[in-house]
Structure formats: structure tokens, C-alpha cells
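Trainee: I have a structure open here and I'm not sure how to read it. Could we go through it together?
Mentor: Of course, put it up and ask whatever comes to mind.

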Amino acid sequence: MRRTQLSNRAVPVILCATVSLWFTAALGADDWPQWRGPNRDGVSKETGLLKKWPDGGPKLLWTSTNNGIGYSSPSVVGDKIYLSGARGNDEFLFCLDAKDGKELWSDKIGPIFDFKNNNWGPGPRASATVDDGLVYILGGNGNLLCADAATGKDKWRKNLPKDLAAVVNPILGGPGGWGFTWSPFVDGEKLVCVPGGDKGLLAALNKKNGEVIWQSKDLPEQAPYASPMPADFGGVHQYVQVTYSGVAGVAAKDGKLLWYYKRKPAFSDVLIATPVVYDSCVFITNGMGSTGGDLVRITKDGDKFKAEKFYANKVLANGTGGVIRVGDCLYGYSEGKGWTCMNFKTGKAAWNEKQALGRGSLIAADGMLYCYTEEDGECALVEANPAEFKLLSKFKMPQESKLRVQRMKTWTPPVIANGRLYLRDQDLLFCFDVSGK
């Protein structure tokens, strides 16, 4: 395999830093306003958090018990929490009071997503995005809702299959698969979505009224389950989306295809992990089937972009739970290998650990990894340390959801906001104090 020398020049790093900062300009530093946090990278900027938990875990502040069926992770802005879930035959967007977890309002998204052969559970999976007094949420059937963040009053609605000819890739999920699961984000005046289908994989809507600004018509592919990421490569603002063929970048201004990395072999199973964008590179991964992870470097020559493979391996083959970057390392659960730390630029494993902690999801804050296991509902505090796997604390959730049946697991990633740790198990949302105060 031909290897390309990754540049350590300052310019690409500065470009990536710019990508990170535009998300948080109008938000409190400790809010968690969307999928995977302020910068959609699974990393909180909070400091002063507990470095070790008491026996039995950090202090439980409250438990909210009526959030319905689903895997939507909470988004937290100020003193309000937003998440979705299904009650009865309908999916709802909920707003909770962050002080005590009490419901402030709810707004119906649409009918419940409930494919009959889906043993992994019905209900919505996308996370809410909160921006400029508005909240956006996607239901499992492709119903996209914008509501007033204070009152829950509708601003506009779209049905993506009807209005944008949206199509989800049904790999291993039968017709409709597991529904629409990606989480949209706001970029300036645009709401960026992944409808999929012949009219284009990506779309930009006017965030205030839902009108279509563009669809990426030269990228006519079915939507995966993974969420999109913004990036600036070669001074061009763009949106990065993983596909079953690889990963692509489209221009933010008009949706035109800028580059497309076609991996061999193509991904052969459900595609969930959000791409990691850093230092002019994109890391994509899948742990299902006979796949793994690829690091792709994006360069620009004149007005043309080039997407070139730097490495491809199975060191960090992540199926569910996602991958995050802390410093020069990627962390996540790798199928068959356990929890893994891999050097971002070389693709070499720093360590693997499969005995101390089961398969699960993770986020990072204040130099620590917060790992949440999917089988037994354990949460662990692990040092983000490339030298060794260092488990500092671990505790089990105080109760298990009675709505979790068949093959349903605790797949909702943890959330850190304003010194609090949020963990969800279907209808149950737990809030813990990890502030260290």
C-alpha cells in the first residue's frame, strides 16, 4: 500500500480549528446543543470535572421517567433539555427543565417509526439541534420539525420522503431499515440534512421556513444512518458525509460535489459512525461486515479537490457507539478488539482492552472518556491516555427501562453539559452531578 506523508504544517490545523469554532460562537461554553456536542465531535470543552467518582457513581440529581421509546440523545441549552421519544402511536419532541427533569412541553413529530421486523426497537433516533431560539428534530419516518425552543410552538414542518424524495438505505433492516436516524445541523442560515435519494444525498434548507435551498443532485445516493459534518478544506466551506461507497464532500454554497473517496471494498452493512474531521483529513469507520476504518486526506490543486487514502485497516472498526479524537489519538470500541486507542496519523494501535468494559458508546471531557456500555448499562470514567487503558471509576445505572425488549440496548451516547452527565435508557433519563464542586 502506498503511503503519503501527512503534513504537520500549521495551516491545515488552523483551518480545522476554524471549523470547530463556528459552531459555538453563539452558545454557552458548557451547552450541548446538538448531536455529539458543540462541535459534533463528541468532545466537551468543560473543565474542573470529577477525576474519580465515589463508590456507586456520582451523585444522582434526578431521574425523568416518561420520555418514551427511542434512542435520541439529549441536547442541552441553558436550563432546558430537548430529546425525542415515542409514546403510544406517535413520536414527540420533549422539552425538560434541567433543574429537575420535569417536562415543560411536548410537540408531536408524527407517527411512530415501527418496522415490524425491527427487533432493535421502534421510535426516533436522531438528536435535536438547538439554534437561535429554535429547535429542530427528525422523526424515524422522515418527519422534520422546527419548533420554538421556549414554547414548542411549530414554526415549520417537512416530510422528507414526500417533499424531498428522501430514501434511506435499507441494508439489513428490510424496507425502510431503521428509519431516518441522522441528526441535522445549522450552518448560518441553512439547516443541513441527509435526505438521500435521486434528488441528492445532502440538502440545505432555509432554517427559518424550511424552504429547499439546494439538493446535491450530483450525489444521488440513499441516506446512511450516519450524521454529516462541516469542514473547511482548501479554503472552501463544505459538508462531509459518509456513504456506503466511501465518503464525499459537497460545497456548502450550492451542494455541488467537490470530491468523492470510493473505498474498496464498499461498506457492506449498517453505517452509523459520524466522520472525524481533523488536520485536512477525514476518518471513516464501520465495524459491521468485513470492513474497518480509512483515513482520507483532502487536498486542493487549483479549483480541483483530491481525496487520497492515507491508510486503511481494521484497528478501529467501529459498529455502534462512535469514535472521538482527543489530541493525536482516536478512541472507540473496535469490533473483536474491545476499547481501542489508535494514533490518528499512523493508524497504529496504542492499546486495546476487551475485559474491563463491554461494548458501548463514548464522549470525552476534561481529559477523560465517558464510556456507556450497551449490554449492562454501566458507565465508566477512563483516562484519555495513549500510554495505557486506565479505568478510574465505574457504576451501573440505578434502574433499567421496562420498555427495552428483544434486541434493544443502551445505544444512546452520554452527554456532558454544565457539570452534569446525562445517560438515557429509552424512557429513562438520568442526570448526575460530575462538576467536581
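Trainee: What pLDDT does the protein average?
Mentor: This is a predicted model, and the protein averages a pLDDT of 91, with 90% of the residues scoring at least 70.

Trainee: And where does pLDDT stay under 50?
Mentor: That happens over residues 1–27, for which the model has 55 contacts beyond four places in sequence. Where pLDDT is low, the predicted coordinates should not be read in detail.

Trainee: OK, new topic. How many salt bridges does the count come to?
Mentor: The count comes to 17 salt bridges. One of them pairs Lys 51 with Asp 366, where the closest N and O atoms are 3.2 Å apart. Lys 51 sits in the loop between β1 and β2, while Asp 366 sits in the loop between β27 and β28, so this pair ties together parts that are 315 residues apart in sequence.

Trainee: Is Lys 51 buried or exposed?
Mentor: Lys 51 falls in between, since its relative accessible area of 40% makes it partly exposed, and the partly exposed class runs between the cut-offs of 20% and 50%.

Trainee: What about Asp 131 and Lys 207, how do their side chains meet?
Mentor: They meet in a salt bridge, at 2.9 Å from N to O. Asp 131 belongs to strand β7 and Lys 207 to the loop between β13 and β14, which puts the two partners 76 residues apart and links distant parts of the chain. Both Asp 131 and Lys 207 are buried.

Trainee: And the pair Glu 374 and Lys 409, how far is it from N to O there?
Mentor: The salt bridge between Glu 374 and Lys 409 has an N to O distance of 3.7 Å. Glu 374 is in the loop between β28 and β29, and Lys 409 is in the loop between β30 and β31, so parts 35 residues apart in sequence are tied together. Glu 374 is buried, at a relative accessible area of 1%, whereas Lys 409, at 21%, counts as partly exposed. Salt bridges that share partners also join Glu 335, Arg 359, Glu 374, Glu 375 and Lys 409 into one network.

Trainee: Now the empty spaces. How much space lies in the largest pocket?
Mentor: About 810 Å³ of space lies in the largest pocket. It is lined by 35 residues, and those closest to its centre are Arg 125, Ile 272, Thr 320, Gly 321 and Trp 411. By type, the lining of this pocket divides into 18 nonpolar, 10 polar and seven charged residues.

Trainee: And how many cavities of 30 Å³ or more are there?
Mentor: The structure holds one, and its volume is about 30 Å³. Among the residues lining this cavity are Tyr 331, Trp 339, Trp 351 and Phe 389, and β24, β25 and β28 each supply at least two residues of the lining. The lining has seven nonpolar residues, two polar and no charged.

Trainee: Last one, about the backbone. Which residues does a cis peptide bond join?
Mentor: A cis peptide bond joins Lys 264 and Pro 265, with omega at about 0 degrees, and Pro 265 is placed in the loop between β18 and β19. You can also look at Ser 280, which has a positive phi of about 65 degrees although it is not a glycine. Ser 280 is found in the loop between β19 and β20 and counts as buried, at 11% relative accessibility.

Note on methods: Residues are numbered from 1 along each chain as its sequence is written. This is a predicted model: local features need pLDDT of at least 70, side-chain atom pairs count only at pLDDT 80 or more; totals for chains, interfaces and linings use all residues. Side-chain values use heavy atoms; hydrogens and water are left out. On a 1 Å grid over the protein atoms alone, a cavity is a set of points where a 1.4 Å probe fits but cannot get out, and a pocket is an open set with protein on both sides within 12 Å along at least five of seven lines; lining residues have an atom within 4 Å of a point. Grid points are joined across faces, edges and corners, and a volume is the space filled by probe spheres set on the points. Helices (H or I, at least four residues) and strands (E, at least two) are DSSP runs, numbered from the N terminus. Ala, Val, Leu, Ile, Met, Phe, Trp, Tyr, Cys and Pro count as nonpolar, Asp, Glu, Lys and Arg as charged, and the others, Gly among them, as polar. pLDDT is the predictor's confidence in each residue, from 0 to 100. Contact means heavy atoms within 4.5 Å. A salt bridge is a side-chain nitrogen of Lys or Arg within 4 Å of a carboxyl oxygen of Asp or Glu. Buried means under 20% relative accessible area, exposed over 50%, partly exposed in between (1.4 Å probe, protein chains only).
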